[in-house]
Amino acid sequence: MIRLFLADIDGCLSEPYVPFALDGFRQLREWGARAETDPRYPRVGICSGRAYAYVEATAQALGLKAPALFESGGGRFDLPDARITWNPALTPGTEAELDACRQFLLAEVVGRSPTVSFDYGKRSQAGIVGPVPGECETFLPEIEAFAAEHTPGLTAYHTPYSVDVVPLALTKVEALGWLAETEAIGLDEIAFIGDTNGDAPAIAACGFGFAPANGSPVAQDAADVVTAGAVLDGVLEAYRSCLARHGVVE
């Protein structure tokens with residue numbers, strides 16, 4: 001059975017910089033509440049690259065009882081206890097590499113485009129964000145080159161709106177293993193839906209992997225199921241697929 005259903009935020013639960021689809025959030029909130037008393041319903045959680053504050057706000061909007069992973073699993077937030085737990089793989093050496101990458105991004109990248117900003121508020125990642133699809137990605141080759149030469153423990157992932165430099169030990173696929181261990185469940189009992197190349201290893205590693213219709217080709221190739229619906233419609237469709245595996249029709 002699928003005991004835990006995790007969704008990415010950007011490209012899955014919502015599109016960046018647009019209002020949340022509150023009717024869909026209400027449905028996920030109802031399913032998540034039902035899961036606390038009915039094991040046929042997987043618990044609903046988050047696994048996102050976004051910073052802690054945004055993930056906390058999204059968790060509150062969904063009324064989550066299950067864990068919410070932020071910064072791709074660099075940290076974990078539990079809404080019922082208002083508790084943050086940092087991944088033990090975030091070591092002093094890793095933080096030093098991240099500091100070096102932040103200095104590079106601020107000195108060499110941010111400021112060269114009026115639409116690109118430094119992604120403040122992250123501890124276990126360094127990155128840039130912007131509202132113009134594809135703009136951040138133009139800086140990806142030089143960010144990758146810097147990481148390869150100066151911070152070999154880090155790797156870069158991108159979305160249409162961001163580039164994140166992430167420790168190799170703190171990717172989403174590593175985060176699923178950390179979460180499975182702390183929750184005393186198997187990876188085969190976790191479902192995950194994601195839409196980018198950074199999500200693909202986690203999609204492939206979990207028990208039931210999904211990509212929405214708007215997902216990148218890499219994410220869709222890794223998935224067991226590509227949903228007909230895009231963004232939140234795809235998330236709701238994926239959750240219903242988990243229910244169908246358990247003999248529940250909604």
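In this short talk I will go through the nonpolar cores, one helix, one pair of packed helices and one loop residue of a structure that is a predicted model.

Let me begin with the largest nonpolar core, which has 32 residues, and in which Phe5, Leu13, Leu28, Ile46, Ile193, Phe210 and Val235 touch the most other members. Several elements each supply at least two residues of this core, among them the strands β1 (4-7), β2 (43-47) and β11 (208-211), together with the helices α1 (22-35) and α8 (231-245). Which helix gives the largest share of this core? That is α8, with seven residues.

If you look for Phe210 in the structure, and leave aside residues up to four places away in sequence, you will find that Phe210 touches Phe5 and Ile193, and also, among others, Ala238, Ser241 and Cys242. There is, besides, a second, separate core of 20 residues, which includes Phe104, Phe118, Ala126 and Phe139.

Now let us stay with α8 for a moment. This helix has 15 residues and reaches 22 Å from its first C-alpha to its last, which is close to the 21 Å expected at 1.5 Å a residue. Its buried residues include Val231, Leu232, Val235, Leu236, Tyr239 and Cys242, and what covers the buried residues of α8 includes β1, α1, β2, β10 and β11. It may help to recall that an α-helix has 3.6 residues a turn, so residues three or four places apart point the same way. Just after α8 comes Gly247, which takes a positive phi of about 80°.

Next, the helix pair. Two packed helices are described by the angle between their axes and the distance between the axes. Helix α3 (residues 92-109) packs against helix α4 (residues 140-150) at an angle of about 145°, and their axes are 11 Å apart, while the crossing of the two, α3 and α4, is right-handed. On the α3 side the residues that meet α4 include Ala100, Cys101, Phe104 and Leu105, and on the α4 side they are Glu142, Ile143, Phe146 and His150. By class, this contact of α3 with α4 has seven nonpolar, one polar and three charged residues.

Finally, I turn to Thr196, which lies in the loop between β10 and α6 (200-205). Is Thr196 buried or exposed? Thr196 counts as buried because its relative accessible area is 10%, which is under the 20% cut-off. Apart from residues up to four places away in sequence, Thr196 touches His158, Thr159, Ser216 and Ala219. Thr196 and Leu13, which are 183 residues apart in sequence, are 13 Å apart in space, C-alpha to C-alpha.

Technical notes. Residues are numbered from 1 along each chain as its sequence is written. This is a predicted model: local features need pLDDT of at least 70, side-chain atom pairs count only at pLDDT 80 or more; totals for chains, interfaces and linings use all residues. Side-chain values use heavy atoms; hydrogens and water are left out. Axes are lines fitted to C-alpha atoms, for helices over the stretch in contact, and angles run from 0 to 180 degrees between N-to-C directions. Helices (H or I, at least four residues) and strands (E, at least two) are DSSP runs, numbered from the N terminus. A crossing is left-handed if the near helix is turned anticlockwise from the far one by less than a right angle, and right-handed if clockwise. Contact means heavy atoms within 4.5 Å. Ala, Val, Leu, Ile, Met, Phe, Trp, Tyr, Cys and Pro count as nonpolar, Asp, Glu, Lys and Arg as charged, and the others, Gly among them, as polar. A nonpolar core is a set of buried Ala, Val, Leu, Ile, Met, Phe, Trp, Tyr and Cys residues joined through side-chain atoms within 4.5 Å. Buried means under 20% relative accessible area, exposed over 50%, partly exposed in between (1.4 Å probe, protein chains only). The expected span of a helix is 1.5 Å times one less than its number of residues.
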